[in-house]
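Ready for some practice in reading a protein model? Work through each exercise yourself, then compare your steps with the solution.

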There are 2 protein chains.
Amino acid sequence: MAAFSFNKLVIFGVGLIGGSLARGLREHGDVDGARQVIGVGRSAASTARALELGVIDASASLTDDAALRDALDGADIVLLAAPVAQTQPLLERLAPFLSSDTIITDAGSTKSDVVAAARAALGERIVQFVPGHPIAGRESSGVDAALPDLYVDRNVVLCALPENAPGSVARIAAMWRATGATVREMDPAQHDRVFASVSHLPHVLSFALVEQILNSSDAALKFSFAAGGFRDFTRIAASSPEMWRDVCVANRAALLDELDAYTAVLARLRAAIEAGDGAALEAVFARSRIARTEWQTQRGAVNVTNDASK
Amino acid sequence: MAAFSFNKLVIFGVGLIGGSLARGLREHGDVDGARQVIGVGRSAASTARALELGVIDASASLTDDAALRDALDGADIVLLAAPVAQTQPLLERLAPFLSSDTIITDAGSTKSDVVAAARAALGERIVQFVPGHPIAGRESSGVDAALPDLYVDRNVVLCALPENAPGSVARIAAMWRATGATVREMDPAQHDRVFASVSHLPHVLSFALVEQILNSSDAALKFSFAAGGFRDFTRIAASSPEMWRDVCVANRAALLDELDAYTAVLARLRAAIEAGDGAALEAVFARSRIARTEWQTQRGAVNVTNDASK
């Protein structure tokens, strides 16, 4: 028996994330069924490029009712792979054409707000929506950056809702596993707290360092001496401003909690630096070094190109 | 004419930095003279290893007066490549055996405190001390990590003192250039401000993020979902706790200035997040992304292994 089978998958937003799912299902794994993939986009150029690359079989315009109806007719699964702020308008747009046996999932970096948007847009049909978040990315974006193995050995978080049928959750999990991913379940609040800490906060901190240097009178001199530590620390400051704007706003409650806890740690370190308390600094640095080194060891070999942006 | 010529170089602390200078002068470049390199260390094991690897020709124990006198007799150049907190005791230890035509330099990450320590230890012989800082490193340390090309295309900052003879500064500059480095001059205060910003502060911020996660009740869960952004942001949190303790204390004035400026930027971003002010966030993120991308472009191809720890 195949690991996963589908007849029609409709992807709203065929960029890096949606395109890599399509390529992963086609080029990897043990997948059968008709395996038709339809891309829906706001821009004709991006779906045309996805068609040209063979990532999708057909495309539909978001603004064309008839095309959208055709695209969604008989779809097994719909994936939303657009910025999280578009979740509600997208769901409102597709709801009138949605069959009751289609399962919808998403790939958004935040989950509490996505669930709220989905409840508002779908009403009772929230049963059909299984929130998800593949923890994979690259610094480059767009369908040209899509890779069939983007999700291999990556985590995909599913935040199953109380209303979801177990079979629907199992089906979305099987889809991601067919691309090589490991599926893990969390509730939306827990998801948002964890990613506020290990992803959203570091992005804000990294953007902030570059901003601070830009604000200083000797910015050019500073940049000219910046070396490897700066390079690694600020790599994520080259990430998409639009995406991270949306993430910060969508996950603001959890992010503010983490930011405040971080500021408290920083204040403690500041006091130790001011007091010249080397022992206190060394204790924190040594603990951090051990934890960071253990994390790297447990994580094992790292695929640098595959997840640089998450 | 050779780019650089020396008869005897004495290195206090033959680890990554001192060992790479010795290997660079031997294996690279256009260097002549007797080219004898003597290593002085606190631990017999580390100098023995440097001898075994052929990085040095002879060793001397720091605690043996006669050996130290012999080592320094006729030395062209002395390099201090030990943690900055050891600058003053080391200089006090070698001062009685120092010839008036030996030039001393160092490789410390901070410069104002090193200059103060050198003035205290050397008195009028401060004329012989040319403060320096090679901007290169690796995550691994010790003489086994030393590389002949560690300094190729790296900056070496010299903070020449008013008392230095121009010929002495030129000679230290020629030594570093012979290893492939670019030599740049700054005054100590400017040096400390620049590196507080682009190196010392990011290290503190990176250690602080790991510390914050460790302090949280769901640390294990958070670490288990940390991916590429976390990995890059915290790579420098695996750096030496002792070294960074010393740097933070030695450069505390400049570091506190940068930390306070950073905290102010963070407070501004916090307010924008709390207010859901996406436009303000996006403006900062977009500016940072452009600056970070330009920096990477101007910097050109990056040697990842060579400068990961600075």
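**Exercise 1.** In which loop of chain A does A:Arg35 lie? Then decide whether this residue is buried, exposed or partly exposed.

*Solution.* Keep in mind that this is a predicted model. Start with the place: A:Arg35 sits in the loop between strand S3 (31–32) and strand S4 (36–41) of chain A. Next, look at the surroundings: 16 other C-beta atoms lie within 10 Å of A:Arg35. A buried residue needs 20 or more and an exposed one has 12 or fewer, so A:Arg35 is partly exposed. Finally, check the backbone: phi of A:Arg35 is near 55°, a positive value in a residue other than glycine. Most residues other than glycine have a negative phi.

**Exercise 2.** Where in chain A is A:Asp153 found, and what is its phi near?

*Solution.* Find the loop between strand S9 (132–134) and strand S10 (155–158) of chain A; A:Asp153 is there. Its phi is near 60°, which is positive. A:Asp153 has 14 C-beta neighbours inside 10 Å, so A:Asp153 counts as partly exposed.

**Exercise 3.** At what angle do helix H11 of chain A and helix H7 of chain B pack?

*Solution.* Take H11 (residues 252–274) of chain A and H7 (residues 188–215) of chain B: the angle is about 120°, and the axes are 9 Å apart. That angle makes H11(A) oblique to H7(B). The crossing is right-handed. Now list the contact: H11(A) brings residues including A:Tyr262 and A:Leu266, while H7(B) brings residues including B:Val204 and B:Glu211. Sorted by class, the contact has eight nonpolar, one polar and one charged residues.

Key. Residues are numbered from 1 along each chain as its sequence is written. Chains are lettered from A and ligands numbered from 1 in the order in which they are written. This is a predicted model: local features need pLDDT of at least 70, side-chain atom pairs count only at pLDDT 80 or more; totals for chains, interfaces and linings use all residues. Axes are lines fitted to C-alpha atoms, for helices over the stretch in contact, and angles run from 0 to 180 degrees between N-to-C directions. Helices (H or I, at least four residues) and strands (E, at least two) are DSSP runs, numbered from the N terminus. Angles under 35 degrees count as roughly parallel, over 145 as roughly antiparallel, 65 to 115 as roughly perpendicular and the rest as oblique. A crossing is left-handed if the near helix is turned anticlockwise from the far one by less than a right angle, and right-handed if clockwise. Two residues are in contact if their C-beta atoms, placed from the backbone, lie within 7 Å. Ala, Val, Leu, Ile, Met, Phe, Trp, Tyr, Cys and Pro count as nonpolar, Asp, Glu, Lys and Arg as charged, and the others, Gly among them, as polar.
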